[in-house]
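Colleague: I have a model open and would like to learn how to read it. Can we go through it feature by feature?

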Amino acid sequence: MKLSCDEPVTIRENEAAIIEAAFREGYVIPVMPQRNGKQVAVIGAGPAGLAAANQLNRKGYTVTLFDKAEAPGGLLRFGIPNFKLNKNIIDRRIQLLKAEGIRFEMNTTIDPTHLPEGFDAYCICTGAETPRDLLIPGRELKGIHFALEMLSQQNRIVEGQTFSKDKLVSAKGKKVLVIGGGDTGSDCIGTSIRQGAISVTQIEIMPQPPVGHNDATPWPQWPVVLKTTSSHEEGCTRRWSLTSNQFIGKNGKVTGVEVEQVEWTPSTDGGRPTMVPTGKKEIIEADIVLLAMGFLKPEQPEFPKNVFIAGDAATGASLVVRAMAGGRKIAAEIDKTI
Ligand SMILES: Cc1cc2nc3c(=O)[nH]c(=O)nc-3n(C[C@H](O)[C@H](O)[C@H](O)COP(=O)(O)OP(=O)(O)OC[C@H]3O[C@@H](n4cnc5c(N)ncnc54)[C@H](O)[C@@H]3O)c2cc1C
């Protein structure tokens, strides 16, 4: 097979194969650390909190992980769909962390401005939880949901939880419109298809990026190129350069969204391009609209010196690998400081 320089390398597959073999052959066993007598509280058991807790525990700190959810994992468990990440992978790691002595306090919401007493340091890993809203006319109509309302509920349904009809966010038998062309939007597509949607349309305000390679974003910049996920391949209509003007409804329920084509004028000073509405409007029909337009960067209060922040809570919404790297880095900083 001829490979071009744009072909992905298989680091993920190599690493996954190594750790799977290690678990299978019994190499991954609990490591019991020598305790150093110090206590750390980690708030938030997503990938950042778990990574920080793991590092600190191995250094001998007694670590307690607090999370408001019923189970640890953060967005790995209650965000990323099961078809992308099998939750057994999280459970297997949690069992190991528990066996190594990390304490898990679930169903416990911590107010970061009133942290529990008795710890030498605190690590805030509470993620970036506030979704970006679309405050246009008709926002109050029924049937308009933030992406995570559907995604986290679906994760819980797969685990056997049930929801009353009025709480259920389901695409079954519906025309679905996903607003936002990123990964969260893609997860909404795959989930809607699995739930039995009649049709799924995804719209994005930015123009369609080039396929394969983008001269404007050479390595090592993040490549702004068209990303087609397995969810897209499962069947959806994708459209670009569309802004949403208003939600349309009937009897209090959403029936569609008025969209308008936009053009993007590149800036002359290397800044952000300017959006220019063209006046070309249309209505996209929808019985359910999922808002997948990213998350706001959390604002953190000024904390005392023994309080540290990592993951999405520190950087704004990012990636699992960055959250884990942030958790590991902050653990080293805590170890140096206290
Ligand atoms: C739908 C979706 C799909 C994604 N898919 C991918 C992907 O495929 N690949 C990828 O790399 N990244 C993906 N991401 C991004 C990735 O999931 C996040 O960047 C990562 O989970 C951030 O980790 P974190 O530990 O900082 O925060 P989170 O995972 O958000 O965890 C924060 C935890 O803090 C808890 N918490 C919050 N406030 C409190 C409080 N006051 N008291 C106690 N607990 C609290 C929450 O319950 C949660 O468990 C996706 C994100 C979303 C939304």
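Colleague: Let me start with a proline. In which loop does P220 lie?

Modeller: First, a reminder that this is a predicted model. P220 lies in the loop between β7 and α7, the latter spanning 230-233.

Colleague: What kind of peptide bond joins W219 and P220?

Modeller: The general idea comes first. Most residues other than glycine have a negative phi, and most peptide bonds are trans. Now the case here. The bond between W219 and P220 is cis, with omega at about 10°.

Colleague: And phi? What is the value for S241?

Modeller: Phi of S241 is near 55°. That is a positive value in a residue other than glycine. Look for S241 in the loop between β8 and β9. A glycine also takes a positive phi: G26, at about 80°. G26 sits just after α1.

Colleague: While we are at α1, how many residues does it have, and how far does it reach?

Modeller: Helix α1 covers residues 11-24, which is 14 residues. From first C-alpha to last it reaches 20 Å. That is close to the 20 Å expected at 1.5 Å a residue.

Colleague: Now sheets. In what order do the strands of the five-stranded sheet run?

Modeller: Strands of a sheet pair through backbone hydrogen bonds, either parallel or antiparallel. In this open sheet the order is β5-β12-β6-β7-β8, and the pairing is parallel. The edges are β5 (144-146) and β8 (237-239), each paired on one side only. From one strand to the next, the twist averages 20°.

Colleague: How many bridges join β7 to β8?

Modeller: Three bridges join them, and the two strands run parallel. Strand β7 holds residues 199-203. For one pair, find Q202: its bridge partner in β8 is R238.

Colleague: Which helices lie across this sheet's strands?

Modeller: Take α5, residues 147-158. Helix α5 lies across β5 and β12 (288-291), at about 70° to β5. Then there is α6, residues 183-195. Helix α6 lies across β6 (175-179), β7 and β12, and runs at about 175° to β7.

Colleague: Parallel or antiparallel: how do the strands pair in the sheet β9-β10-β11?

Modeller: Antiparallel, in an open sheet of three strands. Its edges are β9 (242-250) and β11 (274-285), each pairing on one side only. Neighbouring strands are turned by 20° against each other on average, direction ignored. Between β9 and β10 (residues 253-265) there are eight bridges. One place to look is L242, which stands opposite Q261 in β10.

Colleague: Last, pockets. How much space lies in the second largest pocket?

Modeller: Rolling a probe the size of a water molecule over the atoms shows where empty space is left. Here, the second largest pocket has about 460 Å³. Its lining has 14 residues, and the closest to the centre are G143, H145, L168, K174 and K253.

Colleague: How does that lining split by class?

Modeller: Seven residues are charged, four are nonpolar and three are polar.

Key:
Residues are numbered from 1 along each chain as its sequence is written. This is a predicted model: local features need pLDDT of at least 70, side-chain atom pairs count only at pLDDT 80 or more; totals for chains, interfaces and linings use all residues. Side-chain values use heavy atoms; hydrogens and water are left out. Two strands pair if DSSP finds at least two bridges between them. Helices (H or I, at least four residues) and strands (E, at least two) are DSSP runs, numbered from the N terminus. Axes are lines fitted to C-alpha atoms, for helices over the stretch in contact, and angles run from 0 to 180 degrees between N-to-C directions. Contact means heavy atoms within 4.5 Å. On a 1 Å grid over the protein atoms alone, a cavity is a set of points where a 1.4 Å probe fits but cannot get out, and a pocket is an open set with protein on both sides within 12 Å along at least five of seven lines; lining residues have an atom within 4 Å of a point. Grid points are joined across faces, edges and corners, and a volume is the space filled by probe spheres set on the points. Ala, Val, Leu, Ile, Met, Phe, Trp, Tyr, Cys and Pro count as nonpolar, Asp, Glu, Lys and Arg as charged, and the others, Gly among them, as polar. The expected span of a helix is 1.5 Å times one less than its number of residues.
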